[in-house]
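These are my notebook entries on what I looked up, kept in the order in which I went through the contacts, the cores and the cysteines.

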Amino acid sequence: MDGPQRHRILMVSDFFYPNFGGVESHIYYLSQCLIKLGHKVVVTTHAYGNRSGVRYMTGGLKVYYIPWRPFLMQNTLPTFYGTLPIIRTILIRERISVVHGHQAFSTLCHEALMHARTMGYKAVFTDHSLYRFADVGSIHMNKVLQFTLADIDQAICVSHTSKENTVLRSGIDPEKVFVIPNAVDTAMFTPAPKRLCYDEIVIVVISRLVYRKGADLLVEVIPEVCRLNPNVRFVIGGDGLKRVRLEEMREKYSLQDRVEMLGAVPHAQVRSVLVSGHIFLNSSLTEAFCIAILEAASCGLLTVSTRVGGVPEVLPDDMIVLAEPTPVDMTRAIKEAIEMLPNINPQAMHDRVKKLYSWQDVAKRTEVVYDRALLCSDVSLLQRLPRYLKCGPWAGKLFCLVMMINFLLWQLLQFWQPSKSIEEVPDILILENEDNEICGKLRMP
């Protein structure tokens with residue numbers, strides 16, 4: 001690539017297609033835009049069902065589905081060193097220059113970043129979620145994050161609230177943390193050709209039906225809204241452990257004809273569900289940045305959301321109604337949104353979202369982070385160990401021991417299978433000819 005430096009990036013996370021979610025969409029769209037900018041991008045994730053080995057996606061995006069099975073909530077079982085041989089092989093074969101891990105909850109992300117730093121590769125981490133500080137699970141996760149970010153080159157957060165949360169949890173230098181929001185594919189999420197009438201108000205919910213996404217809050221809000229507004233109907237898309245509670249609520253209040261349960265909605269069908277409604281309801285109890293809100297706004301829906309995390313940063317005040325995560329205030333916000341509907345222009349809302357958010361802009365800003373990471377000086381293991389000692393009187397010593405063992409295993413692998421014995425793979429360049437036909441071209445290393 002002439003001009004700017006061409007990066008060779010390895011995206012790593014337990015969360016990727018065929019699984020659907022905000023992290024999965026972020027990795028996919030960011031990778032596609034980076035490829036269009038001339039960079040080499042490879043994704044590494046764990047196997048999904050029979051999907052194992054190497055696959056190619058749109059635009060020549062190469063995906064390694066390594067033969068690790070999910071252990072809990074799509075996360076692989078922590079092994080510390082079990083992934084070192086395969087991560088090392090991928091890094092050498094693809095001639096990677098930057099390793100980019102996604103999501104603090106991803107085991108594979110943490111292990112890949114640890115191996116990358118051991119082998120001297122530049123490492124970047126993106127945090128997509130907010131975590132608390134007091135409960136046992138959060139304390140454990142925050143200590144793991146502190147371990148990973150103690151020796152990271154650069155970090156990215158999706159909102160200013162997320163940055164503050166990550167800095168407090170991990171102790172990372174704020175100067176190393178960039179804020180780059182998510183975006184939305186506005187070409188995919190467009191308003192309905194004809195404006196819906198207001199004889200019946202349809203409120204759409206598309207979310208995982210779990211506690212963190214506020215499913216219990218929906219159980220209390222929906223009956224009250226239906227009681228106060230006879231012309232309101234709910235369409236709920238998504239699945240999860242709390243789906244049973246919503247179905248019990250529907251039976252208890254005899255709302256079968258006013259609350260439609262769609263189950264899990266494939267991402268390709270999300271737009272068709274959104275354009276069937278007037279209002280999008282987000283009841284999350286914690287959210288760093290909600291891509292679903294952007295998708296709904298791009299489809300021309302007015303949004304009602306809980307005022308949590310980075311949500312207030314997502315849309316202008318005239319495009320969203322915020323409420324405290326309580327049944328009373330959520331009911332009040334929905335009533336306010338219904339009164340605002342006659343003044344909402346779906347196409348104008350779509351055009352504003354298109355100007356505010358684009359994956360091309362996200363990719364260009366991420367390029368800057370990669371450039372900064374490559375400018376960071378290379379340090380030896382002895383220079384890196386003091387960074388881990390700062391993580392606590394006991395944890396710091398444990399982290400140092402983990403890294404020293406990882407270094408010794410890497411040296412053993414270097415002796416057993418030298419880097420020069422691992423074949424480097426040629427790049428596949430995706431070219432478009434004059435007839436807009438896509439063809440591939442090999443470029444040898």
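I began with Phe 16 and, leaving aside residues up to four places away in sequence, I found that Phe 16 touches Glu 24, Ile 27, Tyr 28, Val 43, Thr 45, Tyr 48, Met 57, Leu 61, Val 63 and Tyr 65. I note here that the model is predicted.

I then looked up the largest nonpolar core, which has 96 residues, and Phe 16 is one of the members that touch the most other members, a group that also holds Met 11, Ile 222, Phe 234, Leu 246, Leu 274 and Leu 281. Apart from this core lies another, of 35 residues, which includes Ile 66, Ala 123, Tyr 131 and Trp 410.

Next I turned to Leu 389, which lies in helix α13, residues 381-389, and which is partly exposed at a relative accessible area of 48%. Not counting residues up to four places away in sequence, Leu 389 touches Gly 396, Lys 397 and Cys 400. I also checked Leu 389 against Glu 200, and the two are 189 residues apart in sequence and 61 Å apart in space, C-alpha to C-alpha.

Last came the cysteines: how many disulfides does a search of the whole structure find? The search finds zero. For Cys 299, the closest cysteine sulfur is in Cys 290, and because the two sulfurs are 13 Å apart, they are too far for a bond; Cys 299 is buried, with a relative accessible area of 3%. Cys 376 is likewise in no disulfide, the nearest cysteine sulfur being that of Cys 157 at 16 Å, and I recorded Cys 376 as partly exposed, with a relative accessible area of 23%.

Methods: Residues are numbered from 1 along each chain as its sequence is written. This is a predicted model: local features need pLDDT of at least 70, side-chain atom pairs count only at pLDDT 80 or more; totals for chains, interfaces and linings use all residues. Side-chain values use heavy atoms; hydrogens and water are left out. A nonpolar core is a set of buried Ala, Val, Leu, Ile, Met, Phe, Trp, Tyr and Cys residues joined through side-chain atoms within 4.5 Å. Buried means under 20% relative accessible area, exposed over 50%, partly exposed in between (1.4 Å probe, protein chains only). Contact means heavy atoms within 4.5 Å. Helices (H or I, at least four residues) and strands (E, at least two) are DSSP runs, numbered from the N terminus. A disulfide is a pair of cysteine sulfur atoms within 2.5 Å.
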